[in-house]
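The following exercises concern salt bridges, burial and contacts. Each task is followed by a worked solution.

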Amino acid sequence: VSKREAVIQSALDTFYSSTKLALQTRATALSAAWDIADNVQRKTAIQEAWKNFNSAYREAKKAFKDAKKAAWDQFGTDRKACNVLPSGESRGNDLGF
């Protein structure tokens with residue numbers, strides 16, 4: 001259990017760091033975009049900033065989900081190797097985002 005929980009906590013730390021970086025990058029890009037005088041170029045830069053943010057956020061979310069799944073899968077493998085019956089813990093209760 002402690003191994004699973006440590007992996008999930010580490011994955012969550014990585015998710016938060018990645019999300020924070022994506023937000024900071026978006027803020028910088030949007031600030032620069034709003035300094036552009038040409039309306040067409042400004043609109044393109046704003047759209048690009050949001051596109052890049054959404055992509056980075058989706059990647060961070062997927063990485064967290066994959067790490068969480070791997071931790072639970074390993075927990076199940078370890079549990080079976082120890083001949084322990086299922087605990088009744090639900091994967092869905094574990095930070096379902």
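**Exercise 1.** In this predicted model, characterise the salt bridge that Asp-73 forms with Lys-69.

*Solution.* Step 1: the closest N and O atoms of Asp-73 and Lys-69 are 2.7 Å apart, and the criterion asks for a side-chain nitrogen of Lys or Arg within 4 Å of a carboxyl oxygen of Asp or Glu. Step 2: both residues belong to helix α2, with a spacing of four residues, about one turn of the helix. Step 3: Asp-73 has a relative accessible area of 30% and is therefore partly exposed. Lys-69, at 47% relative accessibility, also falls between the limits of 20% and 50%, so it counts as partly exposed.

**Exercise 2.** Determine where the salt-bridge partners Lys-62 and Asp-66 lie, and state whether Lys-62 is buried or exposed.

*Solution.* Step 1: Lys-62 and Asp-66 are joined by a salt bridge whose closest N and O atoms are 2.7 Å apart. Step 2: the two residues both lie in helix α2, four residues apart, which is about one turn of the helix. Step 3: the relative accessibility of Lys-62 is 53%; because exposed means over 50%, Lys-62 counts as exposed. Asp-66, with a relative accessible area of 38%, is partly exposed.

**Exercise 3.** How many salt bridges does the rule give, and which parts of the chain does the pair Lys-3 and Asp-78 link?

*Solution.* Step 1: the count comes to five salt bridges. Step 2: one of them is formed by Lys-3 and Asp-78, with the closest N and O atoms 3.2 Å apart. Step 3: this pair links distant parts of the chain, since Lys-3 is in helix α1 and Asp-78 in helix α2 (residues 39–81), 75 residues apart. Step 4: Asp-78 is partly exposed, its relative accessible area being 28%.

**Exercise 4.** For Arg-4 and Thr-19, establish the location, the burial class and the contacts beyond four places in sequence.

*Solution.* Step 1: Arg-4 lies in helix α1, and Thr-19 has its place in helix α1 (residues 2–34). Step 2: buried means under 20% relative accessible area, so Arg-4, at 5%, counts as buried. Thr-19, with a relative accessible area of 13%, is likewise buried. Step 3: leaving aside residues up to four places away in sequence, Arg-4 touches Ala-71, Trp-72, Phe-75 and Glu-89, while Thr-19 touches Tyr-57 and Ala-60. Step 4: the side chain of Arg-4 also makes a polar contact with the side chain of Glu-5, at 2.8 Å.

Technical notes:
Residues numbered from 1 in each chain as written. Predicted model: local features only at pLDDT ≥ 70, side-chain atom pairs only at ≥ 80, totals over all residues. Heavy atoms only, no water. Buried < 20%, exposed > 50% of the residue type's maximum accessible area, 1.4 Å probe, protein only. Contact = heavy atoms within 4.5 Å. Polar contact = N/O pair within 3.5 Å; in protein donor to acceptor, adjacent residues only side chain to side chain.
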